[in-house]
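Colleague: I should be grateful for a close look at one part of this model, the packing of a pair of helices, together with its setting in the wider assembly.

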Number of protein chains: 2
Amino acid sequence: MIVEANTVKFDSIKLDSGATLAPVEIAYESYGRLNAAKSNAILVLHAFSGDAHAAGISHDGGKPGWWDNMIGPGKAFDTNKYFVFCTNVLGGCRGTTGPSSINPVTAAPYAMSFPVITIGDMVRLQRMLVDHFGIPKLLAVAGGSMGGMQALEWAVSYPDRVVTSLPIASTVRHSAQQIAFNEVGRQAIMADPDWNGGNYYDSKPPARGLAVARMVGHITYMSDDSMREKFGRRLRDKEEFGFGFDVDFEVESYLRYRGSQFVNRFDANSYLYITKAMDYFDLAAGDRPLAAVLGAASARFLVISFSSDWLYPSYQSQEIVRALRSMNRDVAYVELEANYGHDSFLVDVAEQANLVRGFLASTFERVA
Amino acid sequence: MIVEANTVKFDSIKLDSGATLAPVEIAYESYGRLNAAKSNAILVLHAFSGDAHAAGISHDGGKPGWWDNMIGPGKAFDTNKYFVFCTNVLGGCRGTTGPSSINPVTAAPYAMSFPVITIGDMVRLQRMLVDHFGIPKLLAVAGGSMGGMQALEWAVSYPDRVVTSLPIASTVRHSAQQIAFNEVGRQAIMADPDWNGGNYYDSKPPARGLAVARMVGHITYMSDDSMREKFGRRLRDKEEFGFGFDVDFEVESYLRYRGSQFVNRFDANSYLYITKAMDYFDLAAGDRPLAAVLGAASARFLVISFSSDWLYPSYQSQEIVRALRSMNRDVAYVELEANYGHDSFLVDVAEQANLVRGFLASTFERVA
């Protein structure tokens, strides 16, 4: 399945900050076919560093999508039955308008003049695409981590447009610890002189700062256990300790490699804007209790968390479930035993796939 | 109790790497009096970013010592009974020879020409000071985190010089995750152009990189819970969200402040050398099982861990305890319920103080 991203352009979008962005483009990929009733559409929502390439093999890079083990013919998101699509988020750097896009007013990249965006803004732009497709109601909105935040925002902001919502390894708001890890990444980028106040598009990007930010991220995505299994204290290409400051341990080599690779595919300013959107996200901001906010949703929910995920711990998913239950909303919850930490929703998917397949099928029977 | 650091100079020290460092100075503070039998000496061992100022009020800065709540008249390490002293570690930047010291051969700071050091080297230099004092046997070696590594190394390397060993919130070796967090800190420093290959002593230090490294450290020293209690999602000096990239949340403000403060008291090259020493540390390196290595110790052990410490989790302390028990060694172990994460050994000390007081008293009665 060779896939290619498409782009749709809209005249403008009004943002939560009050600013207007004009024009705005949204990149997406799709898999499977929309049925005549347009009742089989599933919007898959990517995590922080993901993009629209969720499944199949990309026509340019030849890389599989980030959820290719979940999306495809006969898979959990079965493209023989469903029309599955995924968009790059607003503020991103993979086809959708973001800080690296050209500001038509100045004919230069927005850089840090890009307006601050929110999870609500990302979802609003997705809704414009859904309208463009003429889809009255999404069979499902589903995603892990920041994708789960969007799945929650969809269910609350557009209750009549969502049949089911699947927030996975996610939360209704970042804790101080989650904000702190994001802040370290932002500081690492902004400390790099090459960041230059965000104006690096005609010179070199802040590669060292972005790499350090990514290294922190990778540690938080894995579990203590999975790092031990993958690396232990194995030495890198050495017979014995050669005391020094080159790479000693395999885990160091891995982190440096992942950090340096990230620079080739991700924009540092997008890193700043998207992590801020995650930190700002608070489904129950203001005086309304979470239960009242989630009570506005009419979707069926499937909430999934992973036992070894210490970045988005299960208690955050359970908070969602308790609030929904207290409002008599239809919610299924499973904490899956998995060893891969936060990455589990991407990696260790056998049980997750079964859960999602069954949940979607039972709903689709009723709707179709 | 106003205190002042002293320094002792030795001709040279032979290091684990094979290199010789000459001369070598060691800074220490002491509290209480050595008795005539020299049987009441306790060596307290600091953690990564600590120094010799463990107790009392410093004569220059007026700051209390890092374990002042544990050391003093009537406290757990009771200076009415014991002679307590603490040294700055080899490789440090607070009086003991380290990369910022002048290399007599070049009359310039060692910088990255400083030899690589190990926890074993730190302990060897401490033993030279103990010999200098004429102390035949230390009543106790005690410390948290990297201090605990030294307490273990003392008990194994110099079994006839140690009556009791108190490794607290520590480990016999760093896990891949612990190495990974240290590596991020090192990369943040080395990515700062001001680091300049370690040669910054006649210009400005890599302040931004060192601050980012320290921010990562602070997150790992706290628990998810204690960060929530301390900061939650409180906004910094704002009535409401003013979307932007200045400081929004109190936790961001705290981390930036702690990061920038650290630069005033810590040398970036010492950061590199000391974290490497921690990562290299492996009490059971080579083919010998841990039990055999720890079996060489003759000390009584008190091992303490903290329930919310996710950086040095309790399983690492329990590994020490199991190995000692399997060799019929005298070991007491307590996992304390505490909310402050790894910082608990510095902060939440009521129960810890009682444990240490009782353990020391029961041993001292037998010895004295």
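Modeller: A crossing is called left-handed if the near helix is turned anticlockwise from the far one by less than a right angle, and right-handed if clockwise. In this predicted model, α3(B) passes α7(B) in a left-handed crossing. Two packed helices are described by the angle between their axes and the distance between the axes. For α3(B) and α7(B) the angle is about 160°, and the axes are 10 Å apart. Angles over 145 degrees count as roughly antiparallel, so α3(B) is roughly antiparallel to α7(B).

The residues that make this contact can be listed for each helix. From α3(B) they are I179(B), N182(B), G185(B), R186(B) and I189(B). α7(B) brings A268(B), Y271(B), L272(B), T275(B), M278(B) and D279(B). By class, six of the residues in the contact of α3(B) with α7(B) are nonpolar, three are polar and two are charged.

The same two helices also take part in the contact between the chains. That contact takes 42 residues from chain B and 42 residues from chain A. On the side of chain B that touches chain A, at least two residues each come from α3 (176–191), α4 (207–221), α5 (224–230), α6 (250–262) and α7 (268–280) of chain B. Of these, α3(B) gives the most, with 10 residues. The residues on this side of chain B comprise 24 nonpolar, seven polar and 11 charged.

The partner, chain A, is divided into domain 1 (2–174 + 280–367) and domain 2 (178–276). Taken over C-alpha atoms, the centres of these two domains of chain A are separated by 26 Å. Between them, 25 residues of domain 1 of chain A are in contact with 19 residues of domain 2 of chain A. The domain 1 side of this contact in chain A has 14 nonpolar residues, 10 polar and one charged.

Chain A also contains an open sheet of eight strands with mixed pairing, in the order β2-β5-β10-β6-β13-β14-β15-β16. β2 (6–10) and β16 (331–336) of chain A stand at the edges with a single partner strand each, so one side of each is left without a neighbour in the sheet. From one strand to the next the twist averages 20°. At one end of that order, β15 (residues 300–306) of chain A pairs with β16(A) in the parallel sense over six bridges, and V303(A) stands opposite Y333(A) in β16(A). Helix α11 (residues 350–367) of chain A lies across β13, β14, β15 and β16 of chain A, running at about 180° to β15(A).

Methods. Residues are numbered from 1 along each chain as its sequence is written. Chains are lettered from A and ligands numbered from 1 in the order in which they are written. This is a predicted model: local features need pLDDT of at least 70, side-chain atom pairs count only at pLDDT 80 or more; totals for chains, interfaces and linings use all residues. Two strands pair if DSSP finds at least two bridges between them. Helices (H or I, at least four residues) and strands (E, at least two) are DSSP runs, numbered from the N terminus. Axes are lines fitted to C-alpha atoms, for helices over the stretch in contact, and angles run from 0 to 180 degrees between N-to-C directions. Two residues are in contact if their C-beta atoms, placed from the backbone, lie within 7 Å. Ala, Val, Leu, Ile, Met, Phe, Trp, Tyr, Cys and Pro count as nonpolar, Asp, Glu, Lys and Arg as charged, and the others, Gly among them, as polar. Domain bounds come from an automatic or database domain assignment. Angles under 35 degrees count as roughly parallel, over 145 as roughly antiparallel, 65 to 115 as roughly perpendicular and the rest as oblique.
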